[in-house]
Amino acid sequence: VGAVVAARPRRTRRRTPARRRFLDRKVAGSSGGSSTEYSTDWQVSPAPASQPCLLSGRECSPPTFARSRRWGQAGALLSPNEAPTFVVVSGKIPVSGQTIDSTPATASTLALDLSEPIADLAAPPWSPFPSSGRAPIAANGALIPLSSHSGLFFGGDAASDPAIALPTANDSSWLLSYPVSPTASPSWTHELASSWPTQPQRRESVFAVSASNGTVTRSWIYGGLRPDGSGTAYNELWEIQTPIDAKGQIASTPTWGMWQGRGGPPAMYDGMAVLLPASSDSPTSLPSILLIGGVQSTHGGATSLSDLSTAWVFEPSDNLASGTWQKIKLANAPRDRRGHVAVPFGTGAIWMQGGRELDGSTVYSDAAVLDVKGRRWTPTSSGQAVWGHSAVAVGETILLAFGEHLPLQVFLPRPAVY
């Protein structure tokens, strides 16, 4: 899941009636609050920064879960017209007689409006995405927020899309644009190699994340798996810089670039990228990118799970696709895994949950919190045993959806309850 980093002038955001409903109700006994104010560039904070209203003004009882399998989807939080919206793109839905790998990708894209109460977590009101034209049909892609009104869908296995001729062409970028008018429909634009010739080859299960200062969004994509059955993984870091106008729309053509430095992680895929706030001694105000878990591949083609007692951190610099890598040690690490979720919350904390073993034989339910400054993992409350799910943070509330059988779940890191 990619999280956008918002930087805004210091101001008090006007609340619409729908936004008030979203902010002011209670979730599991925690009260909503006012929106966060920002005063510095590139500040890490998922937007909006207050608790969602999810249960119609009543205290939460332990949720029940309907069996609704979907995996390999791309998910992200956008906020068009200040209406927080959980968007889920493509993925796989079970088909009789098919395996996890052979199941075709779905053309279904869903949206969940979080500005309205959700009375029953077992039956959240997901709605078909009201977009015009074609949409991506690709499992294990990434949806990267570019602004409150726009996102980039990148990569994925598009074998189920009859319009895609080659599995590894330079044609896996789609731009999602929400109109400023709330009555108009969002739209997708497929950016082919003819319009974006410098975009990388298609790949699936990448690490992806983005940061914005309000005028430019910088997105980073690392690794990924070649979706042709070869088992080839990438050790490339790509950056895309996207100009954003005052209305949250894409102002001009984005620019791609590939990191050309030395060192860095091995080829990796099926893990998570999370933004870290800039440290006080950093030469720039840019956040860093932390890679958590996943599968790593050696030059000989052997694969293993990435060690959670270490992590790779990329510190970007001001120029396109520039910066340095470093490897850090983390104490008290949980079991290594792939297909998990990892979400930043609070100040300098990352919550990780679920995932599976390298061969998929074991699915995990446990969760852990990483103290970034202390570089230490701490176990926390376990959830459902699930992999391939999506998660977004809304203030200090984390919403989880799909995976093998998880329609919607809410987790509050403090006091660590579902």
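This report describes the predicted model of a protein, from overall confidence and fold content to a sheet, a group of aromatic rings and a few single residues.

## Model and confidence

The model is predicted. Its mean pLDDT is 82, and 81% of the residues reach 70 or more. Residues 1–67 have a pLDDT below 50, although this stretch has 179 contacts in the model beyond near neighbours in sequence. Where pLDDT is low, the predicted coordinates should not be read in detail.

## Overall composition

The protein has 418 residues, of which 54% count as buried. Its secondary structure consists of 1 helix and 26 strands.

Among contacts in the protein with a separation of 6 or more, 59% are accounted for by residues 24 or more positions apart.

## A four-stranded open sheet

One open sheet contains 4 strands in the order β20-β21-β22-β23, and the pairing is antiparallel. Its edge strands are β20, residues 341–345, and β23, residues 376–380, each of which pairs on one side only. On average, neighbouring strands of this sheet are turned by 25° against each other, with direction ignored.

Within this order, β21 covers residues 349–353 and β22 covers residues 367–371. These two strands pair in the antiparallel sense over 5 bridges. In this pairing, A349 stands opposite D371 in β22.

## Aromatic pairs

The count of aromatic pairs comes to 13. One of them joins W312 and W325: the ring centres are 6.3 Å apart and the planes stand at 85°, so the pair is edge-to-face. W312 belongs to strand β18 (residues 310–316) and W325 to strand β19 (residues 323–329), so this pair ties together parts that are 13 residues apart in sequence. Both W312 and W325 are buried.

W325 also pairs with F314; here the ring centres are 5.1 Å apart and the planes are at 55°, so the pair is tilted. This pair links distant parts of the chain, with F314 in strand β18 and W325 in strand β19, 11 residues apart. F314 counts as buried because its relative accessibility is 1%, and the cut-off for buried is under 20%. W325 has a relative accessible area of 14% and is therefore buried as well.

Ring pairs extend this group into a cluster made up of F207, Y222, W259, W312, F314 and W325.

## Charges over rings

Two arginine residues place their charged ends over aromatic rings. The charged end of R203 sits over the ring of Y234, at 3.7 Å from the ring centre. For R70, the ring is that of F402, and the charged end sits 5.5 Å from its centre.

## A buried alanine in β25

A401 is located in strand β25, which spans residues 397–402. With a relative accessibility of 0%, A401 counts as buried, because the cut-off is under 20%. A401 and G388 are separated by 13 residues in sequence, and their C-alpha atoms are 9.5 Å apart in space.

Key: Residues are numbered from 1 along each chain as its sequence is written. This is a predicted model: local features need pLDDT of at least 70, side-chain atom pairs count only at pLDDT 80 or more; totals for chains, interfaces and linings use all residues. Side-chain values use heavy atoms; hydrogens and water are left out. pLDDT is the predictor's confidence in each residue, from 0 to 100. Contact means heavy atoms within 4.5 Å. Two strands pair if DSSP finds at least two bridges between them. Axes are lines fitted to C-alpha atoms, for helices over the stretch in contact, and angles run from 0 to 180 degrees between N-to-C directions. Buried means under 20% relative accessible area, exposed over 50%, partly exposed in between (1.4 Å probe, protein chains only). Rings of Phe, Tyr and Trp (its six-membered ring) pair if their centres lie within 6.5 Å; planes under 30 degrees apart count as stacked, over 60 as edge-to-face and the rest as tilted. A charge sits over a ring if NZ of Lys or CZ of Arg is within 6 Å of the ring centre and within 35 degrees of the ring normal.
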